[in-house]
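Let's walk through this structure together, starting with how its parts are described and then moving from the overall outline to individual side chains. Keep the viewer open as you read.

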Amino acid sequence: EPLERAYRWYTRLQGPRQETMHTVVMESPGIDISKADVDLLPWIKKGRLLDFSKLGEMLEEIEAKRKDKLLNRKKANDDEDESRSKEERRREALQWYKSLKTPKKETMYCLVDETIGMKMEKADIDLLSWDKSGLCVNE
């Protein structure tokens with residue numbers, strides 16, 4: 001963020017005036033900010049000081065946006081993982097269905113209820129498509 005970089009340079013330069021920072025930016029090729037970035041800082045007293053209260057609010061807003069962006073990215077990744085695992089569960093249910101020589105849905109439900117340690121759940125069985133007679137139509 002340009003504001004964060006400008007403030008970082010402000011602290012590195014030990015709190016110069018706005019005009020001094022403009023001069024340093026123009027004369028120092030190694031500084032990664034522009035005059036416009038310096039002007040993003042909340043200057044008061046004709047550029048002699050920063051309004052640290054306002055700066056704190058601005059930095060908090062940037063951080064809040066950053067956190068929202070990360071949360072949205074995490075949610076998108078979680079949704080993708082959930083979708084993928086749902087498809088994997090559907091495939092496993094279909095494989096189990098085929099290995100049992102095509103039982104009806106109710107039979108598979110009974111097996112899930114009566115088998116200890118099974119990684120299959122009724123919800124996984126429901127991921128398959130069933131006809132009215134209880135036969136799987138995913139083959």
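Before we begin, one cut-off will come up again and again: a residue is buried when its relative accessible area is under 20%, exposed when that area is over 50%, and partly exposed in between. Arg 17 makes a good trial case: its relative accessible area is 48%, so it counts as partly exposed. Please keep in mind throughout that this is a predicted model.

Let's step back to the overall outline. The secondary structure comes to six helices and two strands, and along the sequence these follow the pattern α-α-α-β-β-α-α-α. The radius of gyration is 31 Å, whereas a compact globule of 139 residues would have one near 14 Å. Along the principal axes, the C-alpha atoms fill a box of roughly 80 × 30 × 30 Å. Buried residues make up 26% of the 139 residues. The protein exposes about 10,000 Å², and carbon and sulfur atoms supply 49% of that area. If you take the contacts between residues at least 6 apart in sequence, 50% of them join residues at least 24 apart.

Now for the interior. In soluble globular proteins, nonpolar side chains tend to be buried together. Here, the largest nonpolar core has 14 residues, and those touching the most other members are Tyr 10, Met 21, Ile 33, Val 38, Leu 41, Trp 43 and Leu 50. Helix H1, helix H2 (18–27) and helix H4 (52–99) are the elements that give two or more residues to this core. H1 supplies the largest share, four residues. Within H1, which spans residues 2–12, the buried positions are Leu 3, Glu 4, Ala 6, Trp 9 and Tyr 10. For a closer view of the packing, select Val 38: leaving out residues up to four places away in sequence, Val 38 touches Ala 6, Gln 18, Met 21, His 22, Val 25, Ile 33 and Trp 43. A second, separate core has twelve residues, including Trp 96, Tyr 97, Val 112 and Met 120.

The aromatic rings are worth a look next. The structure holds four aromatic pairs. In one of them, the ring centres of Tyr 7 and Tyr 10 are 6.1 Å apart and the planes meet at 20°, so the pair is stacked. These two tyrosines are three residues apart in helix H1, which separates them by about one helical turn. Their surroundings can be told apart by accessibility: Tyr 7 is partly exposed at 24%, while Tyr 10 is buried at 7%. A second pair, Tyr 97 with Trp 130, is edge-to-face, with 5.6 Å from centre to centre and 85° between the planes. Tyr 97 lies in helix H4 and Trp 130 in the segment after helix H6 (122–126), so this pair ties together parts that are 33 residues apart in sequence. Both partners are under the buried cut-off, with Tyr 97 at 1% and Trp 130 at 16%. Ring pairs also link Tyr 7, Tyr 10, Trp 43 and Phe 52 into a cluster.

Charged side chains meet rings here too. The charged end of Arg 12 sits over the ring of Trp 9, 4.5 Å from the ring centre, and that of Lys 122 sits over the ring of Tyr 109, 5.3 Å from the centre. Asp 124, in helix H6, is a charged residue that counts as buried, with a relative accessibility of 4%. Beyond its neighbours within four places in sequence, Asp 124 is in contact with Arg 89, Ala 93 and Lys 119.

Finally, let's visit the loops. Arg 17, our trial case, lies in the loop between H1 and H2. Setting aside neighbours within four places in sequence, Arg 17 is in contact with Trp 43, Gly 47 and Arg 48. The C-alpha atoms of Arg 17 and Leu 50 are separated by 8.8 Å, although the two residues are 33 apart along the chain. Gln 14 shares the loop between H1 and H2 and, at 72% relative accessibility, counts as exposed. Although Gln 14 is not a glycine, it has a positive phi of about 60°. Lys 45, also not a glycine, has a positive phi of about 55°, and you will find Lys 45 in the loop between strand S1 (43–44) and strand S2 (49–50).

Technical notes: Residues are numbered from 1 along each chain as its sequence is written. This is a predicted model: local features need pLDDT of at least 70, side-chain atom pairs count only at pLDDT 80 or more; totals for chains, interfaces and linings use all residues. Side-chain values use heavy atoms; hydrogens and water are left out. Buried means under 20% relative accessible area, exposed over 50%, partly exposed in between (1.4 Å probe, protein chains only). A nonpolar core is a set of buried Ala, Val, Leu, Ile, Met, Phe, Trp, Tyr and Cys residues joined through side-chain atoms within 4.5 Å. Contact means heavy atoms within 4.5 Å. Rings of Phe, Tyr and Trp (its six-membered ring) pair if their centres lie within 6.5 Å; planes under 30 degrees apart count as stacked, over 60 as edge-to-face and the rest as tilted. A charge sits over a ring if NZ of Lys or CZ of Arg is within 6 Å of the ring centre and within 35 degrees of the ring normal. The radius of gyration is taken over C-alpha atoms; the globule rule is 2.2 Å times the number of residues to the power 0.38. Accessible areas come from the Shrake-Rupley method with a 1.4 Å probe; for residues, only the protein chains shown count as cover.
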